[in-house]
Amino acid sequence: MDILEQIIATKRQELAGEQRRSLRAALLASPSGIIAEFKRKSPSKGWIHEDAVPEEVVPAYVKAGAAALSVLTDEQYFGGSLDFIRRVRPLVDIPILRKDFIIDPRQLADARGAGADAVLLIAACLTREACAALTAEAHRLGLEVLLEIHSPEELDYITPEVDVVGVNNRHLGSFVTDVQTSFEMAPLCASALWRAEQELVFRQTCPKNNSCPPAGEVTGPVLVSESGISDPATVRALREAGFRGFLMGENFMKQPDPGAALAEFLRTL
């Protein structure tokens with residue numbers, strides 16, 4: 001084997017051994033399902049925690065018991081940076097979601113290069129065709145997809161290829177937040193998720209070996225409620241409604257110590 005062949009063989013080994021962290025699996029395994037978000041600013045509220053340092057907040061979230069992490073990377077409107085993910089990736093070992101307004105495949109490559117495990121795709125920002133293409137490219141790069149929807153009109157964006165479906169309680173046009181949105185969308189999402197799960201089972205399992213997953217095993221997309229959650233009782237009610245994940249940022253970031261705020265929330269949960 002010449003030197004070039006040795007180098008390529010080594011690179012293949014490095015890629016094969018590269019750790020992949022699954023957002024979907026983390027939510028299914030977690031007793032709380034909390035996706036703790038690092039968010040310094042909001043277009044509607046301005047600075048929430050301007051001097052927050054990702055190297056301090058994000059590991060504190062993990063220590064407190066977060067199932068996964070969300071990092072805002074939009075700079076102008078949310079005070080974020082893709083560099084935040086690069087800086088915290090070596091410090092934590094749970095899934096990181098890049099939360100941004102992704103409209104181009106280059107953003108997916110950037111997310112993967114920074115160390116993200118999943119990306120947010122927002123139905124309101126994309127056509128169904130563009131969303132499907134970005135989902136396929138994300139998977140090719142080894143990223144999972146959290147598809148965000150807000151209304152019944154966006155239910156047809158849910159396909160078997162999506163890993164996680166998030167119901168955003170915040171309207172992205174007005175930025176008005178109402179957690180009731182999740183409760184109203186829950187039964188509609190359940191039907192869409194069931195159809196996606198059945199199609200996935202048919203495609204991947206039953207035709208291959210004439211057997212299907214055990215009853216009750218979740219094989220399709222997992223449901224997440226996003227934004228406006230501040231009360232443990234709300235999380236419990238949302239879980240009863242079928243949600244397995246809960247993306248929370250402002251409730252923790254507005255506190256002097258976001259990690260301690262998460263720990264207290266989980267204690268009362």
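Four aromatic pairs turn up in the structure, that is, 4 in total, and the model they come from is a predicted one. One of them is made by Phe 252 and Phe 265, whose ring centres sit 5.8 Å apart with the planes at 80°, so this pair counts as edge-to-face; the cut-off for that label is an angle over 60 degrees. Phe 252 belongs to helix α10 (residues 250–253) and Phe 265 to helix α11 (residues 258–268), so the contact ties together parts that are 13 residues apart in sequence. Both rings are tucked away from the surface: Phe 252 is buried at a relative accessible area of 0%, and Phe 265 is buried too, at 6%. The two phenylalanines do not stand alone, as Tyr 61 joins Phe 252 and Phe 265 in one aromatic cluster.

Tyr 61 shows up again in the largest nonpolar core. This core has 60 residues, and Tyr 61, Ile 149 and Ile 158 are the ones that touch the most other members. Helix α7 (residues 180–204) supplies the largest share of the core, with 6 residues. Apart from this core there is a second, separate one of 14 residues, which includes Leu 27, Ala 67, Leu 97 and Leu 120.

Back in the main core, Ile 149 is worth a closer look. With neighbours within four places in sequence set aside, Ile 149 is in contact with Ala 123, Glu 154, Leu 155 and Ile 158, then with the run Val 165, Gly 166, Val 167 and Asn 168, and finally with Met 185 and Cys 189. Ile 158 is thus both a contact of Ile 149 and, alongside Ile 149 and Tyr 61, one of the core members touching the most others.

Helix α5 (residues 105–114) gives a neat case of a two-sided helix. Its buried residues are Gln 107, Leu 108, Ala 111, Arg 112 and Ala 114. They span an arc of only 165° around the axis, which means that they lie on the same side of α5. Arg 106 and Gly 113, on the other side of α5, are exposed. As for what covers the buried residues of α5, the list includes two helices, α4 (82–88) and α6 (128–140), along with the strands β5 (96–99) and β6 (118–122).

The two ends of α5 have features of their own. At the N-terminal end, Asp 104 acts as a cap, with a side-chain oxygen 2.8 Å from the backbone nitrogen of Arg 106. Just after α5 comes Gly 115, which takes a positive phi of about 110°.

Conventions
Residues numbered from 1 in each chain as written. Predicted model: local features only at pLDDT ≥ 70, side-chain atom pairs only at ≥ 80, totals over all residues. Heavy atoms only, no water. Core = buried A, V, L, I, M, F, W, Y, C linked by side-chain atoms within 4.5 Å. Buried < 20%, exposed > 50% of the residue type's maximum accessible area, 1.4 Å probe, protein only. Helix = DSSP H or I, 4+ residues; strand = E, 2+ residues; numbered from the N terminus. Contact = heavy atoms within 4.5 Å. Arc of directions from axis to C-beta. Polar contact = N/O pair within 3.5 Å; in protein donor to acceptor, adjacent residues only side chain to side chain. Phe/Tyr/Trp six-rings, centres within 6.5 Å; stacked < 30°, edge-to-face > 60°.
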